[in-house]
Amino acid sequence: LEDAKNDAKDQIDKLPNLDDQAKEEIKKDIDDAKTTDEVDEIVEDAKKESDENLQDAKDDAKDQIDKLPNLNDQEKQDAKDAIDDAKTTDEVDDALNDAKDKNEANQDPEVLEEAKKDAKDQIDKLPNLNDQEKEDIKKDIDDAKTTDEVDEIVEDAKDQNEANQDPKELEDAKKDAKDQIDKLPNLTDKEKEHIKKDIDDAKTTDEVDEIVEDAKDQNEANQDSKELEDAKKDAKDQIDKLPNLTDKEKEHIKKDIDDAETTDEVDEIVEDAKDQNEANQDSKNLEDAKNDAKNQIDKLPNLTDQEKDDLKKRVDEATSTDDINNILDEAKRQNDAKTTDPSNPTNQDKGTDGKGNQGTDGQAQDGKNLEDVKSNGKNQIDGLQNLTEQEKNDFKARIDAATSEAEVNAIINEAKALSAQRAADKKQAQLPNTGVEDAQNAGLLGGAMLGALALFGLGKRNKKREEK
């Protein structure tokens with residue numbers, strides 16, 4: 001038994017992955033053993049512990065390798081391979097130290113300098129460190145070889161700052177902070193309770209101040225949320241009051257309001273809805289104006305059905321109430337021209353052959369004369385400089401559709417009157433106010449005279465035809 005114990009202790013001394021303290025404890029267990037079997041069992045357990053210590057050291061070392069920021073993937077793999085080949089924890093430590101040295105050598109100087117500068121700024125802001133402590137810590141930062149070392153120094157400094165905190169000052173800061181939390185109107189009781197617990201757990205006045213600032217931000221966010229909900233409710237009320245939106249349009253707009261994330265978005269949606277409401281109203285007004293205009297055209301007694309249909313077609317195609325009014329004015333002028341025309345076929349009897357029959361020779365002659373009148377009329381229309389091309393084309397189209405010389409002349413008179421009015425308007429725009437009215441009246445009088453002369457000439461031609 002004694003020989004077994006001595007041999008066992010020799011084996012324990014040779015186990016490389018046990019520290020001195022562990023070896024001494026194992027040897028004591030060997031001395032207390034009563035049988036060689038107990039001794040053997042103790043040795044086996046010691047060997048297992050040694051192997052486990054080696055594996056634990058390897059796993060920890062590999063974790064540290066992965067966190068070295070300045071090694072590339074290949075360098076990290078090479079370091080891990082060296083760790084796997086290690087037979088003792090000392091060899092593992094050597095491989096890890098080699099990797100750290102490589103990581104330090106790869107450190108970007110600019111990145112390291114930036115990290116050191118930021119670290120010193122943080123140290124200056126720690127309120128519970130005295131000047132000497134800060135100077136010592138900054139010197140350690142200057143001596144650091146890697147950003148990891150810098151980070152570690154900063155964390156230690158924060159721990160020191162926390163340890164230096166004056167307990168009474170910290171308690172006063174916590175009390176004041178809780179009072180501020182209680183006065184934040186937009187936090188729920190549950191939110192306040194949670195924040196106060198964080199204040200109780202704070203280790204420094206800086207932590208307390210940070211918690212209070214976060215609480216204020218939360219309070220403001222809650223206020224924004226309440227304002228947003230109120231804005232959405234008000235917006236929906238406004239939408240319901242817009243009379244020209246359909247139920248489907250209102251439903252769609254309200255859904256957009258629900259999806260809005262800011263009051264600005266809500267306001268924009270409401271403005272768009274108002275524009276849509278106005279557009280719908282304009283569309284309704286336009287449709288009403290068209291229907292009214294067509295009803296008025298139907299009531300004009302001196303227009304043919306074809307003329308009415310043409311005018312109403314133009315009304316349907318109009319895109320504004322101004323266009324509709326212009327077409328309606330044109331229809332009324334056309335109707336009035338026929339009313340005042342003494343040679344309008346609707347106001348006189350047609351010639352006969354004395355037996356109550358229409359004369360075919362007269363019809364042929366009239367047809368020829370009508371074509372001549374139309375041709376001459378269209379030439380006159382083309383010569384009116386104050387009409388647009390579209391207006392000229394409209395007048396000429398009406399001349400082509402005319403069925404009598406009187407109707408042609410009435411169209412020509414209407415065109416000339418419109419051209420004269422345009423000329424007077426232009427002159428009025430160019431002249432000073434004095435005398436404008438006289439010029440306008442002169443233009444209107446000229447148009448009226450032209451119309452009278454045309455009617456007079458038409459009357460003479462009709463009289464000659466009747467004598468023949």
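Here Asp, Glu, Lys and Arg count as charged, Ala, Val, Leu, Ile, Met, Phe, Trp, Tyr, Cys and Pro as nonpolar, and the others, Gly among them, as polar. The views below all come from a predicted model.

**View A. The lining of the second largest pocket.** With those classes in hand, the residues of this lining divide into ten charged, four nonpolar and two polar. The pocket itself has a volume of about 460 Å³. Of its 16 lining residues, Arg314, Asp323, Asn326, Ile327 and Glu330 are the closest to the centre.

**View B. The helices around the second largest pocket.** Four elements each give two or more residues to the lining: H14 (305–317), H15 (321–340), H17 (389–401) and H18 (405–430). Take a good look at H15, which gives the most, with six residues.

**View C. The two sides of helix H17.** The 13 residues of H17 should span 18 Å at 1.5 Å a residue, and the end C-alpha atoms are indeed 18 Å apart, so the two values agree. Buried residues in this helix are Glu391, Lys392, Phe395, Lys396, Arg398 and Ile399. They cover an arc of only 155° around the axis, and therefore lie on the same side of H17. As a reminder, an α-helix has 3.6 residues a turn, so residues three or four places apart point the same way. Turn to the other side of H17 to find Glu389 and Gln390, which are exposed.

**View D. Ser404 in the loop between H17 and H18.** Follow the chain from H17 towards H18 and you will meet Ser404 in the loop between them. Ser404 has a relative accessible area of 11%, under the 20% cut-off, so this residue counts as buried. Its side chain reaches the backbone nitrogen of Glu407 at 3.1 Å.

Key
Residues numbered from 1 in each chain as written. Predicted model: local features only at pLDDT ≥ 70, side-chain atom pairs only at ≥ 80, totals over all residues. Heavy atoms only, no water. 1 Å grid on protein atoms, 1.4 Å probe; cavity = no way out; pocket = protein on both sides within 12 Å on 5 of 7 lines; lining within 4 Å. Points joined across faces, edges and corners; volume = space filled by probe spheres on them. Buried < 20%, exposed > 50% of the residue type's maximum accessible area, 1.4 Å probe, protein only. Polar contact = N/O pair within 3.5 Å; in protein donor to acceptor, adjacent residues only side chain to side chain. Expected span 1.5 Å × (residues − 1). Arc of directions from axis to C-beta.
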